[in-house]
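Reader: I've got a model open and I'd like to know how the labels people put on it are earned. Can you take me through the reasoning?

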Amino acid sequence: MNPKNLIDRPTHRVASILAVSALALGLAACNKTEEPTVGQRLDSAVEKTEQAAADARVKAEGAMQNAETKMEQGAANAEATAKQAANSAKGVIDDATITAQVSAGLAKDPDLSAVKINVDTVNGKVTLNGPAPSTVARDRAETIAKGVSGVTSVNNQLVVTAG
């Protein structure tokens, strides 16, 4: 063999190994991801901020709709409660008015005005308690009570006392 070839072979082999290594490193470097630039990071941050703002807007709109629904329900409940209270008060006023009108009618009667008759009204139902001077006066008290507007029934518990 040529002595010159012997010297060149290891050098050639080393050069080949270095060339292949450099090529391998170059190819490996192509697969690595580059660090994002400042502009790319800024774009990413802006995109994330816009998405967070959109999500917050959706949540806020949902919360507003929920609050509106609850306010409407609360207003409807308050209105129903007010109507119920008004109807209840109306019933109390009507019963008080009936009691007053029955008492006034009894006071106008000459036979019944001298005796103490207790008039009690609940939901338009009148109860008469106390003494009556005669059966005729007792029946007349019931007739007077039945003649008052709003009376639904009369429970005549008047007791005839011989006087």
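Author: Sure. One cut-off to start with: buried means under 20% relative accessible area. And keep in mind that this is a predicted model.

Reader: What makes the side chains along β1 alternate?

Author: Look at which way they point. Val-119 and Thr-121 face one way and are buried, so each has a relative accessible area under 20%. Asn-118, Asp-120 and Val-122 point to the other face and are not buried.

Reader: Why is Ile-98 called buried?

Author: Its relative accessibility is 4%, and the limit is under 20%, so Ile-98 counts as buried. This residue is found in helix α2, which covers residues 38-108.

Reader: Which residues is Ile-98 in contact with, leaving aside neighbours within four places in sequence?

Author: Thr-121, Gly-124, Val-126, Val-148, Ser-149, Gly-150 and Val-151. Take Ser-149: 51 residues separate it from Ile-98 in sequence, yet their C-alpha atoms are 7.3 Å apart. To count as a contact, heavy atoms have to be within 4.5 Å, so the C-alpha distance isn't the number that decides it.

Reader: How do you know that β1 and β2 pair?

Author: Count the bridges. Pairing takes at least two, and five join β1 to β2 (residues 125-132), with the strands running antiparallel. For one of the partners, match Thr-121 with Val-126 in β2. The hairpin they form has two residues between the strands, and Asn-123 takes a positive phi near 55° there.

Reader: Why are β1 and β3 said to stand at the edges?

Author: The open sheet has three strands in the order β1-β2-β3, with mixed pairing. β1 (118-122) and β3 (153-160) each have a single partner strand, so one side of each is left without a neighbour in the sheet. From one strand to the next, the twist averages 10°.

Reader: And what packs on the sheet?

Author: Helix α3, residues 135-146, which touches β2 and β3 and makes about 160° with the direction of β3.

Reader: Which residues have the most contacts inside the largest nonpolar core?

Author: Val-102, Leu-106, Ile-117, Val-119, Val-126 and Leu-128, in a core of 16 residues. At least two residues of this core come from each of α2, β2, α3 and β3. Among the residues that Val-102 touches are Val-119, Leu-128 and Ile-144.

Conventions. Residues numbered from 1 in each chain as written. Predicted model: local features only at pLDDT ≥ 70, side-chain atom pairs only at ≥ 80, totals over all residues. Heavy atoms only, no water. Helix = DSSP H or I, 4+ residues; strand = E, 2+ residues; numbered from the N terminus. Axes fitted to C-alpha atoms, helices over the stretch in contact; angles between N-to-C directions. Buried < 20%, exposed > 50% of the residue type's maximum accessible area, 1.4 Å probe, protein only. Core = buried A, V, L, I, M, F, W, Y, C linked by side-chain atoms within 4.5 Å.
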